[in-house]
Amino acid sequence: MKITGISTRVVNAEMRNWVFVKVETDEPGLFGWGEATLEWKTRAVVGAIEDLTPLVIGRDPRDIEQAVRVMKKHSFWRLGAIGMSAISGIEIALWDIYGKHLGLPVWRLLGGKVRDKVRVYTHLGLGDMRAVYETLDAAPLVERAHAVVEKGYRAFKAVFIPYTHFHAPLPEVDKVAGMMEALRAAVGPGIEIMVDFHGRPASAGAALAYVEALAPGRPMFVEELLPPGETAGLAAIAAKTSVPIAAGERLVDRLEFDELLRARAVDIAQPDICHCGGLLEAKKIAAMAETVSVGVAPHNPLGPIAGVAALHFAVSTPNHVIQEEMVGAVPWYFEVVQGPIRMIDGFWQVPEAPGLGITVDEAACAAHPFQPEVLHTTNAVLDDGTIVDW
């Protein structure tokens, strides 16, 4: 069996473009799908996939590790988020092919089942990115929390840390405390709340001030307290708080996770399967995390193929904690990709179909062509004109 072609389908989902990757083989009717979505880098990722394709044409699609190695090592330049997302999309598609070839679901090939259902969470706003990133007052937060719970979710994540620099102003800290208090009062103790800092604080001291403000509300975890690479700062915060810390969505290399885990800087690692190199690399990162008693909760605010890949990963990964998902991103989410995602009482169910278990409607994909993404980043400017992390 040989790889004969790789192509992409870009699907605009209003707030981001999904990048679907199709890998074809010389066996009639046997092909696989992956996802390589990377916000605001759509055309760059598509170009990177085109650049990488000659390295794997003619190779056996079942030799997945070898295909990833040749794309990484024969690219010469370190690939970064764009190149690693391209590799991830191709790699996920190879697993889909392998599972279809054997007549087995991908999770069987990743080590088999370690749980009977997968705990999931969504964002306040149910995929409306403006609601996710631009809701900074208690009343709309509470309204959206009720909407999520009514949809059957038992956990959600909110982003209401203000745009910050090296100092957290006291009024902003008090406002954050008030919003967390309102959310907890609205949903009670039976619903898990996660708070995404989005890397907005520029110092460990500023981030810690917000963490302490959130602590009485008992968040499941606080995420991305600092920009990526600030491992020492995260470790300093971890030493001063009992609130669980999560990070890793913008790390794309196993060595970056190695540094994070060696420093004991996090309680939850968050590799993104569509950015870190694919399913096998995510499994390796999860094993590294398990070795130092750290759980994994993969980052995944992406499209339906990414969601299904994350489902297979979760079914087969012992230290998986909870899965981020964005099923509500657009009303036609399940029209472009029909698949095995079914939520019952806040849990995804285990898929049984071969491969990823998906069918991609290419005509439906074509009905939503590329459009430039919304630039939420224009809001990340302080009153004095200082540009800060979004």
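**Exercise 1. Surface and charge**

Task: State how much surface the protein exposes and what share of it carbon and sulfur atoms supply.

Solution.
- Step 1. In this predicted model, the protein exposes about 15400 Å².
- Step 2. Carbon and sulfur atoms supply 52% of that area.
- Step 3. Now turn to charge. The protein has 35 positive and 48 negative charges. Their mean positions are 5 Å apart.

**Exercise 2. Overall form**

Task: Decide whether the radius of gyration agrees or disagrees with that of a compact globule.

Solution.
- Step 1. Take the chain length, 390 residues. A compact globule of that length would have a radius of gyration near 21 Å.
- Step 2. The protein has 20 Å, so the value agrees with the globule rule.
- Step 3. Check the extent. The C-alpha trace spans about 65 × 45 × 40 Å along the principal axes.
- Step 4. Check burial. Of the 390 residues, 57% count as buried.
- Step 5. Check the contacts with a separation of 6 or more. Residues 24 or more positions apart account for 73% of them.
- Step 6. Count the elements. The protein has 14 helices and 15 strands.

**Exercise 3. The annotated span**

Task: Find which residues the UniProt domain annotation covers, then describe the helix and strand content of that span.

Solution.
- Step 1. An unreviewed UniProt entry carries the annotation "domain: Mandelate racemase/muconate lactonizing enzyme C-terminal". The record places it at residues 138–244.
- Step 2. The span is 47% helix and 11% strand.
- Step 3. Its end C-alpha atoms lie 23 Å apart.

**Exercise 4. Two residues with positive phi**

Task: Locate H198 and E224, and classify each as buried or exposed.

Solution.
- Step 1. H198 sits in the loop between β6 (192–196) and α8 (204–214). Its phi is positive, about 60 degrees, yet H198 is not a glycine.
- Step 2. Buried means under 20% relative accessible area. H198 has 9%, so H198 is buried.
- Step 3. E224 lies in the loop between β7 (221–223) and α9 (231–238). E224 is not a glycine either, and its phi is about 45 degrees.
- Step 4. The relative accessible area of E224 is 6%, so E224 is buried.

**Exercise 5. E192 and its partners**

Task: Which residues does E192 touch beyond four places in sequence?

Solution.
- Step 1. Place the residue. E192 belongs to strand β6.
- Step 2. E192 has a relative accessible area of 24%, so E192 is partly exposed.
- Step 3. List the contacts. E192 touches R119, R154, A155, F156 and M220.
- Step 4. Compare sequence with space. E192 and F221 are 29 residues apart in sequence. Their C-alpha atoms are 9.0 Å apart.

**Exercise 6. V266 and I245**

Task: Trace the contact between V266 and I245 from both ends.

Solution.
- Step 1. V266 is in the loop between α10 (254–262) and β9 (268–269). With 6% relative accessible area, V266 is buried.
- Step 2. Beyond four places in sequence, V266 contacts L234, I245, A246, A247, L260, L261 and V294.
- Step 3. Move to I245, in strand β8 (residues 245–247). I245 has 1% relative accessible area and is buried.
- Step 4. Read its contacts, again beyond four places. Among them are V222, L225, L234, V266 and I268.
- Step 5. Both lists name L234.
- Step 6. Add the C-alpha distances. V266 and A238 are 28 residues apart in sequence and 7.1 Å apart in space. I245 and M220 are 25 residues apart along the chain, with 8.9 Å between them.

Key:
Residues are numbered from 1 along each chain as its sequence is written. This is a predicted model: local features need pLDDT of at least 70, side-chain atom pairs count only at pLDDT 80 or more; totals for chains, interfaces and linings use all residues. Side-chain values use heavy atoms; hydrogens and water are left out. UniProt positions are given in the numbering used here, feature names are shortened, and annotations may be inferred rather than shown by experiment. Helices (H or I, at least four residues) and strands (E, at least two) are DSSP runs, numbered from the N terminus. The radius of gyration is taken over C-alpha atoms; the globule rule is 2.2 Å times the number of residues to the power 0.38. Buried means under 20% relative accessible area, exposed over 50%, partly exposed in between (1.4 Å probe, protein chains only). Contact means heavy atoms within 4.5 Å. Accessible areas come from the Shrake-Rupley method with a 1.4 Å probe; for residues, only the protein chains shown count as cover. Lys and Arg count as positive and Asp and Glu as negative; His and the chain ends are not counted. The place of a charge is taken as NZ of Lys, CZ of Arg, CG of Asp or CD of Glu.
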